[in-house]
Amino acid sequence: MAATYDFPSDLLAGQEELRQVQAELSALLKRLPWSLTSSPFWRRGISTRVG
């Protein structure tokens, strides 16, 4: 049988908060418009946009 671990509740709460913040950030980045000025990365063909 697989071992189960009793993680501290504050660690579990922190991980859940991190997941929520990452989801909110991802949603925000998807709503933002593209920049009018291209970055040096874009000119080299490396897109840094998330999503």
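This report walks through the fold, surface and side-chain pairings of one chain.

We're looking at a predicted model here. The chain has 51 residues, and buried ones make up 0% of them. As for secondary structure, the tally is two helices and zero strands. The chain exposes about 5000 Å², with 61% of that supplied by carbon and sulfur atoms.

**The aromatic pair**

Let's start ahead of helix 1, which covers 9-31; Tyr-5 sits in the segment before that helix. The count of aromatic pairs comes to one. The partners are Tyr-5 and Phe-7, with ring centres 6.3 Å apart and planes at 50°, so the pair is tilted. Why tilted? An angle under 30 degrees would count as stacked and one over 60 as edge-to-face, so whatever is left over gets the tilted label.

How accessible are the two rings' residues? Tyr-5 has a relative accessible area of 63%, so Tyr-5 is exposed. Phe-7 comes in at 46%, so Phe-7 is partly exposed. The cut-off that matters for both is 50%, because exposed means over that value.

Both aromatics also turn up in a nonpolar surface patch of about 430 Å², where they're joined by Leu-11 and Leu-12.

**The salt bridge**

Now for the charged side chains. Side chains of opposite charge can pair when their charged atoms come close. How many salt bridges does a search of the whole structure find? The answer is one. Glu-16 and Arg-19 form it, and their closest N and O atoms are 2.8 Å apart. The side chains of Glu-16 and Arg-19 are also joined by a polar contact of 2.8 Å.

Where does Glu-16 lie? Glu-16 is part of helix 1. Glu-16 and Arg-19 are three residues apart in that helix, so about one helical turn separates them. Neither partner is hidden away: Glu-16 has 36% relative accessibility and so counts as partly exposed, while Arg-19 is partly exposed too, with a relative accessible area of 47%.

**Accessibility at a glance**

Here are the four residues from the two pairings, side by side.

| Residue | Relative accessible area | Class |
|---|---|---|
| Tyr-5 | 63% | exposed |
| Phe-7 | 46% | partly exposed |
| Glu-16 | 36% | partly exposed |
| Arg-19 | 47% | partly exposed |

To put the pieces together: Tyr-5 and Phe-7 make a tilted ring pair and share a nonpolar patch with Leu-11 and Leu-12, whereas Glu-16 and Arg-19 form a salt bridge across about one turn of helix 1.

Terms used: Residues numbered from 1 in each chain as written. Predicted model: local features only at pLDDT ≥ 70, side-chain atom pairs only at ≥ 80, totals over all residues. Heavy atoms only, no water. Phe/Tyr/Trp six-rings, centres within 6.5 Å; stacked < 30°, edge-to-face > 60°. Buried < 20%, exposed > 50% of the residue type's maximum accessible area, 1.4 Å probe, protein only. Patch = residues over 30% accessible without salt bridge, like charges linked within 9 Å, V, L, I, M, F, W, Y side chains within 5 Å. Areas by Shrake-Rupley, 256 points an atom, 1.4 Å probe, with all protein chains shown as cover. Salt bridge = Lys/Arg side-chain N within 4 Å of Asp/Glu carboxyl O. Helix = DSSP H or I, 4+ residues; strand = E, 2+ residues; numbered from the N terminus. Polar contact = N/O pair within 3.5 Å; in protein donor to acceptor, adjacent residues only side chain to side chain.
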